[in-house]
Every structure is written in structure tokens, then in C-alpha cells.
Amino acid sequence: MKILLVLAAVGLCWAQYNPHTKPGRTSIVHLFEWRWADIALECERYLAPNGFGGVQISPPSENIIITNPWRPWWERYQPVSYKLCTRSGNEDEFRNMVTRCNNVGVHIYVDAVVNHMCGAGAGSGNGGTCGSYFNAQTEDFPAVPFSGWDFNDGKCKTGSGEIENYNDPYQVRDCRLVSLLDLALEKDYVRSKIAEYMNYLIDIGVAGFRIDASKHMWPGDMKAFLDKLKNLNTQWFSSGSKPFIYQEVIDLGGEPIKSSEYFGNGRVTEFKYSAKLGTVIRKWNGEKMAYLRNWGEGWGLMPSDKALVFVDNHDNQRGHGAGGASVLTFWDPRQYKMATGFMLAHPYGFTRVMSSFWWPRDFQNGKDINDWVGPPSFEDGTTKPVTVNPDTTCGNGWVCEHRWRQIRNMVIFRNVVDGQPFSNWWDNNSNQVAFGRGNKGFIVFNNDDWYMNINLNTGLPAGTYCDVISGQKEGNHCTGIQVHIGADGVANFQISNQAEDPFIAIHVDAKL
């Protein structure tokens, strides 16, 4: 029994499921490819006042510069050193961002690319974003330093050195992913250099890490470098806090590598969530919202306390990684807002909102022309600042879904209902559904092709509430729809199938 208790205690030390968001803040946003200066400003002017808990940032480590003819977004995933300078900014700007965001209670989660270095065909020279020398052909990265000893070439058993068969877990973890030079993570030296990089970021004040390409690393090798991580900086976090870890493992079923193999290291990205929710909201394959009554584990998703969930991410919104046409994105704004509203109202998982930039598209065919295009940029390749329009939306080519009123107000809704049980489910056996969160919030959807007019038990105290989708509470009035709840907790809901946003959400902080 003593041995079991010791093992349990050790497990708690390195199983990092807690995002350390401030009390009352329950979601993070991925500000994909934003500059550090813009993120610092956004933390202060928008994220903190609207209850966002944190920001996932793009990889801050030095990467190869690719011009072909424009710089693609995926160059960020080809590191050449662990120095902190990218097109998002230099180390001083990075430190400034972390400090300013932490000071207003919005934490920073780093996208850590540690499975590999740049592609084998990346050439040589001083072509990194910090000007560091590297030679991909000889696997020489003196700015780390890594050399040919530190890569998996001898371990990979395929003729090409690439992953050729995803049903072979050894290939997936020991061979090159799309020619990226695969680090030998069983070596303590390599583990130590990765931990050194992550600890440097922890000292600066980051709260945790999304670990890119975790599926391509052995869980035990990951545990070995995670065990070397420091506690979080006590300037902003309570003593003994471990960094939040969430691992990118694409598991849609059908492959031998399972998300569950990684639960010991922290949370895992639940890719089934966006694929399945998109199918339901699109009403494909005979799916109906009524079937969402047992959403979560009942749908074969991982345990809620292990899951990081999202409607879309930077890969699958482009059809990459765990893509599939069912994934909803800002290109389908009406359905996207419904899916995001559902995610933020439902208690399952830890939620991350996406914030994107536009890329060229052929609207006649619905096809992406240049989904590899990097962020909005000037002629010289530098990233454009995020500008804010008078209506609080973004300009300069930035989409900023997190600033859409409906999504922002649902982030607040989730904060208000935090800890409340899933309750008062109702459906019409089709695509009209409703559910509550204890006595704090209630949400109703009409995803059918006909008008909805129904009296429902909300579980909320009597009074007049402002719908936070069509508007919100401002002072002592509503800018959108009002909902009147009687002494019995019942309210009438009418939602047109033609409505711009065919759902209504109310919570106790939006009560007149």
C-alpha cells in the first residue's frame, strides 16, 4: 500500500491537468500568429475585461525562414534553435507580453515544437529568424547545440526515413514526419536541452505548454523531459504550481496510437470533438442535435478532466492533420457560432477558442487556394499589426473570432456557470435542443428548418434576462432579446430558423 501511495504522489507531480487560470476564468484563446506586442495589448484591453483565462501563442523558438514566394504559417513549426525571436517579435517583446498579460490575470501557453527540428531539405546558412547558422543536411544546429548524434536516423526502420505506415507506432515515433529531422528523445542530452528551453520560458512566466506533435514522441520520453521542468514562477503563480501540459495527439480512432497513452503526462487535445460536433451541427449522416444529450464520454470522447477541446484549430480549419470537411470554421459563421456556443455552454473538457486570419479562397468551389499562406504581412514579410475597427472587430486581414459578440459573451457565460451541473435537457427529437447549467444559465438552439415556439423549464430564478447572443445587458436594459422567467422557472422561447444566430443564451449575471 505504501508503494502505491508513493507512486500516486509521484504521478500527481508530473500529471499537469490544471491550466492555473485565475478563479472565474475558464477558457483560453489561440491568437494564431499574432505579434507579441499585439497580444500584450489584447490581454489588457480585451481579454482580461471579458474574462478570458489565457492565450495560446504560436511557437516562440527561432525557425527557418521560407519564402516561396510568401512565408507560410508552417515555417513556425520548423525550429533551428531555441532562441526567442520569430516574426512575432524578439525576446524583449516576448518578456514584455508575458509580464503584461500575467499582470492582468491572462496567462500564456507556449506552443512548444520539440519533436523535431527543420526539414531535411532546408539547406544551410544563417537562415533562421534570429540569424543562427544551421546545416540541415549534416544535422548541425550549433545554436542549441544539436548534431547528427541527436537524431533518430538509425532508429527509423523505413527505407525512406519517413513515416510510411501510421499503423506502425514505431514508425510514427521514430521516423521523420514530413521530412522533419526527428530528435532522439531517448537520449538524456536531448531531453535536457528541451527541458532547458521550457524552463527558460517558465522562468519568464509562462503558465504551460501545448506540446506539438506529441503523437510522434514516445509517452515515456515525454515524461522524462517533463519531469525536468521547474515549478511556475511564484511572481504570478502559487508556490508548487506545475506547468499546464496539453499534448497534440490526433486520435480519431482506427490507429494503434491512442490518446489514453498520454494521460499520464497531462491533458490531450480531443480531435474527435470538432469532427463529431461539426457533423452534428451540419446535420450530416443523419446526425441530430437531439443526440447530444449524452455528449462527451457518452460519444466515445476521452474523460472530461483529460480533454482540451475546440471547434477548430489552426490545422484542421485548413483540412490538415485531423481535417475533414465536417470541421466548422469562420468560413461558416452561422454554424460556427452555434458550435462554439454549444462548446462553451457544455461542461465537458477545458475549452480553447480559435482566433484566425483570412487566407485566399475560391468561393465558387469552396476550395482553399492558398491555405499555407502565413499571417497578414507587409511586402518585406513582417507581420501586420492587428487593428481594431470601430465596431470592435479586427482589420488588416485578421478574423478575431474571439471578438465576435456571440463568442465573447459565451466565454463569459461559461465563467458564470462554472461548477454548475448539466441540467434540464430538452429536445424535440430533432435539431431543437436546450439545457441548463444548474441555477446559473440556460441555452436554447433551433437548428431545424422551421420556427420554434416552446415553453421550457430553465431552472433559473424568476425575472427578466437579457439574451447574450442577440445582444447583452447594458446598465438596466437589454440590447437584444429579453427572456421572462416565471415563478415556476418556465420561460417561452421563440427562435426563427431564419435568424442570423438561431440560439438564445441567458445567465444570472445578465438578469435585469
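**Exercise 1. Find how much surface the protein chain of this predicted model exposes, and what share carbon and sulfur atoms supply.**

Step 1: the protein chain exposes about 19,300 Å².
Step 2: carbon and sulfur atoms supply 52% of that area.
Step 3: turning inward, 59% of the 512 residues count as buried.

**Exercise 2. Work out how the radius of gyration of the protein chain relates to the globule rule.**

Step 1: begin with the secondary structure, which comes to nine helices and 26 strands.
Step 2: the radius of gyration is 23 Å, close to the 24 Å that the globule rule gives for 512 residues, so the protein chain is as compact as a globular protein of that length.
Step 3: along the principal axes, the C-alpha atoms fill a box of roughly 75 × 65 × 50 Å.
Step 4: take the contacts between residues at least 6 apart in sequence; 69% of these join residues at least 24 apart.

**Exercise 3. Compare E139 and K283: what is phi in each, and is each buried or partly exposed?**

Step 1: E139 has phi near 55°, a positive value in a residue other than glycine.
Step 2: E139 sits in the loop between strand 6 and helix 4, and its relative accessible area of 7% is under the 20% cut-off, so E139 is buried.
Step 3: K283 is not a glycine either, yet its phi is positive at about 60°.
Step 4: K283 belongs to the loop between helix 7 (271–282) and strand 11 (307–309), and at 30% relative accessibility it counts as partly exposed.

**Exercise 4. Identify the form of the peptide bond from V144 to P145, and place P145.**

Step 1: omega is near 0° for this bond, and the bond is cis.
Step 2: P145 lies in the loop between strand 6 (134–135) and helix 4 (169–174).

How values were computed: Residues are numbered from 1 along each chain as its sequence is written. This is a predicted model: local features need pLDDT of at least 70, side-chain atom pairs count only at pLDDT 80 or more; totals for chains, interfaces and linings use all residues. Side-chain values use heavy atoms; hydrogens and water are left out. Helices (H or I, at least four residues) and strands (E, at least two) are DSSP runs, numbered from the N terminus. The radius of gyration is taken over C-alpha atoms; the globule rule is 2.2 Å times the number of residues to the power 0.38. Buried means under 20% relative accessible area, exposed over 50%, partly exposed in between (1.4 Å probe, protein chains only). Contact means heavy atoms within 4.5 Å. Accessible areas come from the Shrake-Rupley method with a 1.4 Å probe; for residues, only the protein chains shown count as cover.
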